[in-house]
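Subject: Structure for you to look at

Hello,

Here is the structure I said I would pass on. Please open it first, then read the notes below it.

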Amino acid sequence: MRDAVMSALSTVNDPELHRDLVSLGMIERAEVEGGHARIKVNLTTPACPLKGQIEREVREAVLNVPGVEAVSVEFGATVRPAAQPALPGVKHVVLVGSGKGGVGKSSVAVNLAASLAADGARVGLLDADVYGPSVAHMMGQGAAKVTANAERKMLPIEAHGVRFLSMANLSPAGQALVWRGPMLHSAIGQFVKDAAWGQLDYLVVDLPPGTGDVQLSLTQNVQVTGAVIVTTPQDVALIDAARAIDMFRKASVPVLGVVENMSYFVAPDTGHTYDIFGRGGSRKLGDYPLLGEVPLETGVREDADQGRPAVLAHPDSAAAVALRGVARTLAGQISVRAMHQDLASLPDQLTVV
Ligand SMILES: Nc1ncnc2c1ncn2[C@@H]1O[C@H](COP(=O)(O)OP(=O)(O)OP(=O)(O)O)[C@@H](O)[C@H]1O
């Protein structure tokens, strides 16, 4: 009967990879005992956006096997690393950039990291926004100090399931760090490479806004998987976002998608929706995956000020739902890219259609 179950499973396709779960090696276990089938699917990311669909289709296919009366589906996940991982133990480095300041880039980076971690991924978050480091505050760790381990590597601070490092935790509160070009270059390099990140599926990097030295330093010295662009939908923000995209293109960093933040506002008293900055404007940036439209919500700002990412503090709010969608869609994009690389390097096996 196990053979019949496996053959049923080979009719279920991964919806993003367009290949069946069996030939993709995603069936970790398939056992049948007394009419009860127990299936374990090993996903390519714990933040898989299509887990529900895969579960439904697996259940349906296996229930069609004569003799099977019940099906339990369990999930595991192994994130496939980039072809050339940036650091030993770090599978993917993802940059979060914006053209303009104040569009919500740090808020997106913090919620992205917290959401991936809540789904079960191992996540690091580097605040590379050296001129306005706000990640530590948004993570509720503004007063924490970075320490070093026995090998003199910086130990990331843990909060909300995420390991993070921010310049804000190196300098006395309220004091500005003044960086000059070469110093900045080496400090960023140290933050990425001389930190004890441990094993990470994703290292999310919150960049400063614009197209300056930090971006240049990171794109030149770190093998990144790709970049996410955060923008608000009005033209003045889009013009700068387009410049950021152009910078990544010139540095051969793939743009994994765009997040439209402050996309719209729903008045809490009337329920009326206002497209304050022109919802949908980010499509003008071109043919990049839209990772999500995040509404303008007082709670997002309040949660950030209280040091709790909105995806954890108010997971059912519309903004949190959108931010979780951003994280999962991004994780899916990264998986598809990594899988394409793996399959392309095995010419005798499968090619993705
Ligand atoms: N969707 C949202 N709804 C309400 N407030 C938001 C939203 N996104 C961000 N904010 C608030 O807007 C302000 C700016 O956000 P944030 O610091 O994330 O932007 P940024 O682009 O990283 O800015 P900077 O360029 O200064 O680094 C913060 O007070 C934040 O809490």
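**What was found**

The largest nonpolar core holds 99 residues, and V96, A113, V204 and V205 are those with the most contacts inside it. Please keep in mind that this is a predicted model. Helix α10 (residues 318–344) supplies the largest share of this core, 10 residues. Domain 1 (2–77) and domain 2 (90–342) each give the core at least three residues. As background, nonpolar side chains in soluble globular proteins tend to be buried together.

What does V96 touch? Leaving out residues up to four places away in sequence, V96 touches K105, V108, A109, L112, V204, V205, D206, L207, V228 and V230. Two of the residues named for the core, V204 and V205, are thus also on the contact list of V96.

Next, the sheet. It is an open sheet of 8 strands with mixed pairing, in the order β10-β11-β7-β12-β6-β13-β14-β17. Why is one side of β10 and of β17 left without a neighbour in the sheet? β10 (157–159) and β17 (290–294) stand at the edges and have a single partner strand each, so one side of each has no neighbour there. From one strand to the next, the twist averages 25°.

Within this sheet, β7 (residues 123–127) and β12 (residues 200–206) pair in the parallel sense, over 5 bridges. L126 has V205 as its bridge partner in β12. Helix α3 (residues 105–118) packs on the sheet and touches β6 (90–97), β7, β11 (162–166), β12, β13 (226–231) and β14 (255–261). The direction of α3 makes about 170° with that of β12.

Now to the start of the chain. Which residues of helix α1 (residues 2–9) are buried? They are V5, A8 and L9. These residues lie on the same side of α1, because they cover an arc of only 100° around the axis. D3 and S7, on the other side of α1, are exposed. The buried residues of α1 pack against β3 (27–33), β4 (36–43) and α2 (51–63).

Last, the domains. The domain assignment gives domain 1 (2–77) and domain 2 (90–342). Taken over C-alpha atoms, the centres of domain 1 and domain 2 are separated by 34 Å. The contact between them takes 9 residues from domain 1 and 12 residues from domain 2.

Regards

Terms used. Residues are numbered from 1 along each chain as its sequence is written. This is a predicted model: local features need pLDDT of at least 70, side-chain atom pairs count only at pLDDT 80 or more; totals for chains, interfaces and linings use all residues. A residue is buried if 20 or more other C-beta atoms lie within 10 Å of its own, exposed if 12 or fewer, and partly exposed in between; C-beta atoms are placed from the backbone. Helices (H or I, at least four residues) and strands (E, at least two) are DSSP runs, numbered from the N terminus. The arc is that of the directions from the helix axis to the C-beta atoms. Two residues are in contact if their C-beta atoms, placed from the backbone, lie within 7 Å. A nonpolar core is a set of buried Ala, Val, Leu, Ile, Met, Phe, Trp, Tyr and Cys residues joined through C-beta atoms within 7 Å. Domain bounds come from an automatic or database domain assignment. Two strands pair if DSSP finds at least two bridges between them. Axes are lines fitted to C-alpha atoms, for helices over the stretch in contact, and angles run from 0 to 180 degrees between N-to-C directions.
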